[in-house]
Amino acid sequence: MATIKPIEGRSIHQIQSGQVIVDLCSVVKELVENSLDAHATSIDVRFKNHGLDSIEVQDNGEGINPDNYETVALKHYTSKLSSYEDLSSLQTFGFRGEALSSLCALSSFHVRTAQEKDGSKGTRLDFETSGKLRATSVIASQKGTTVAVEDIFRNLPVRRKELEKNVKREYGKVLNLLHAYACISTGVRFIVSNQMIKNKKVTVFSTKMNSTTKENIANIYGAKTLPALIPLDLTLELEPSNAPIQGARSWRMQSDTDSREVQVVGHISRPVFGEGRQTPDRQMFFVNSRPCALPQVTKAFNEVYKSFNVSQSPFIFANLELDTNAYDVNVSPDKRTILLHDQTTLLENIKTSLTRLFESHDQSVPLSQL
Ligand code: ADP
Ligand code: MG
């Protein structure tokens, strides 16, 4: 019988990194979230060969403090969270300190960063695959950070092959994800480009530094999208007495300051034939402005919409604003899956309020008067 022995440190790092960075979407998501956490107002995402050759995310955020150069790509080093208790009041996207360390293990990776507002000098950081800082060099750089990821999954041949085979589909998913971040991020300019081998760089989409999500939607999907949309502004009271279903558990209360109210704000297609589209990928859900996958909530929205317009899917941009105690982001390494406490009550409330919204919307008003 084989003896039980520990896995080599390097292999553990590679195995675990492959769970944080699972595909192109996770690379882009982690880098864009880091830029937003650094309070960037401009984020430039550059793909080469749809991301197969390289992905660079450049921001004009705070930059990395030289004191953190040594630890920035070490596993579980983060400037954002120091204890498990902090998780419930989390204001940043990042908190695991795993993204940069994982990217070191899975790609050719480097960082360029500068903190000075007016200076034009910055630092390039190169790392070992373990995340240990290997070298620094002085470069010309504006304030902000650029993270460059080349040859993603170069040392995971099966995953690399899979990505090469499906790169168009993966890239499509990446663009949908970027649409979501660009839509929700008011006051941030996004520019996304791709360059194919021997071709010129092509801008895929961009947003201006808009102050409303509506303007962001117009920049991304075209101004013609707007007349078909109605504002989504649902207030859901999740008190036990209002719970529409029998036996519903009470909304979880942690303290007196916990809110039992959930706001669902955003935009949705009018439930009129011709207003919806056949593109369910134009459906974005957020929890406190964090893009996430909410399959049950998505299903509830679509069910209600279908009861008004059988043949089409709505455009949905819905941000659920709720108390940070009312959900858990620490479910999956990519943080896309969010556990909502008392989801059943929430879903019933969403369905009731959404039905009321669609019913109250005067469908006889001509488009031009909206
Ligand atoms: P996390 O986001 O969970 O802290 P990461 O591995 O994504 O972990 O990043 C590690 C640290 O590197 C962050 O805590 C932050 O201090 C720094 N960092 C990463 N990206 C940026 C960026 N674009 N601008 C400024 N600091 C950054
Ligand atoms: Mg991060």
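Strands S4 and S5 make a hairpin with 5 residues between them, and glycine 131 in its turn carries a positive phi of about 100 degrees. This is a predicted model, so please read every number here as computed. The two hairpin strands, S4 and S5 (residues 133-140), run antiparallel and share 7 bridges. Within that pairing, threonine 123 has valine 138 in S5 as its bridge partner. On S4's other pairing, strand S3 (residues 108-114) is joined to S4 (residues 121-127) by 4 bridges, again in the antiparallel sense. There, histidine 110 is matched with aspartate 126 in S4.

## The eight-stranded sheet

The hairpin belongs to an open sheet of 8 strands, ordered S5-S4-S3-S6-S2-S1-S7-S8, with mixed pairing. S5 and strand S8 (202-206) stand at the edges with a single partner strand each, so one side of each has no neighbour in the sheet. On average, neighbouring strands here are turned by 15 degrees against each other, direction ignored.

Strands S1 (residues 42-48) and S2 (residues 54-59) also sit in this sheet, and they run antiparallel with 6 bridges between them. One of their matched pairs is valine 45 with valine 57, the latter in S2. Helix H2 packs on the sheet, where it touches S1, S2 and strand S6 (144-150), and its direction makes about 10 degrees with that of S2.

## The five-stranded sheet

A second group to look for is an open sheet of 5 strands in the order S9-S10-S13-S11-S12, and its pairing is mixed. Its edge strands are S9 (229-237) and S12 (290-291), each of which pairs on one side only. S9 pairs with strand S10 (residues 261-269) in the antiparallel sense over 9 bridges. In this pairing, leucine 234 stands opposite valine 264 in S10. Helix H8 (residues 343-360) packs on the sheet and touches S9 and S10, with its direction at about 135 degrees to that of S9.

Here are the antiparallel pairings described so far, side by side.

| Strand pair | Bridges | Matched residues |
|---|---|---|
| S3 and S4 | 4 bridges | histidine 110 and aspartate 126 |
| S4 and S5 | 7 bridges | threonine 123 and valine 138 |
| S1 and S2 | 6 bridges | valine 45 and valine 57 |
| S9 and S10 | 9 bridges | leucine 234 and valine 264 |

## Around ligand 1

Which residues come closest to ligand 1? They are Asn34, Ala38, Thr78, Gly94 and Ala99, out of 23 residues that surround the ligand. The elements giving two or more residues to this shell are helix H2 (24-37) and helix H3 (99-106). H2 is thus a helix to follow twice: it contributes to the ligand shell, and it packs on the eight-stranded sheet. Sorted by class, the shell holds 6 nonpolar, 11 polar and 6 charged residues.

## Two residues with positive phi

Most residues other than glycine have a negative phi. Two that depart from this are worth finding in the structure.

Asparagine 288 has a positive phi near 45 degrees. It lies in the loop between strand S11 (283-287) and S12. Is asparagine 288 exposed, partly exposed or buried? It counts as partly exposed, because it has 17 C-beta neighbours inside 10 Å.

Aspartate 342 is not a glycine either, yet its phi is positive, at about 50 degrees. This residue is placed in the loop between strand S15 (339-340) and H8. With 20 other C-beta atoms within 10 Å, aspartate 342 is buried, since the cut-off for a buried residue is 20 or more.

## The whole protein, and how far to trust it

Overall, the protein has 8 helices and 15 strands. Of its 370 residues, 36% are buried. Among contacts between residues at least 6 apart in sequence, 68% join residues at least 24 apart.

How confident is the predictor? The protein averages a pLDDT of 86, and 86% of the residues score at least 70. The model scores are ipTM 0.99 and pTM 0.88. Two stretches call for caution when you read the picture. Residues 241-257 stay under 50 in pLDDT, and the model gives them 22 contacts beyond four places in sequence. For residues 366-370 the pLDDT is below 50 as well, and this stretch has 3 contacts in the model beyond near neighbours in sequence.

Definitions and conventions
Residues are numbered from 1 along each chain as its sequence is written. Chains are lettered from A and ligands numbered from 1 in the order in which they are written. This is a predicted model: local features need pLDDT of at least 70, side-chain atom pairs count only at pLDDT 80 or more; totals for chains, interfaces and linings use all residues. A residue is near a molecule or strand if its C-beta atom, placed from the backbone, lies within 6 Å of it. Ala, Val, Leu, Ile, Met, Phe, Trp, Tyr, Cys and Pro count as nonpolar, Asp, Glu, Lys and Arg as charged, and the others, Gly among them, as polar. pLDDT is the predictor's confidence in each residue, from 0 to 100. Two residues are in contact if their C-beta atoms, placed from the backbone, lie within 7 Å. A residue is buried if 20 or more other C-beta atoms lie within 10 Å of its own, exposed if 12 or fewer, and partly exposed in between; C-beta atoms are placed from the backbone. Two strands pair if DSSP finds at least two bridges between them. Axes are lines fitted to C-alpha atoms, for helices over the stretch in contact, and angles run from 0 to 180 degrees between N-to-C directions.
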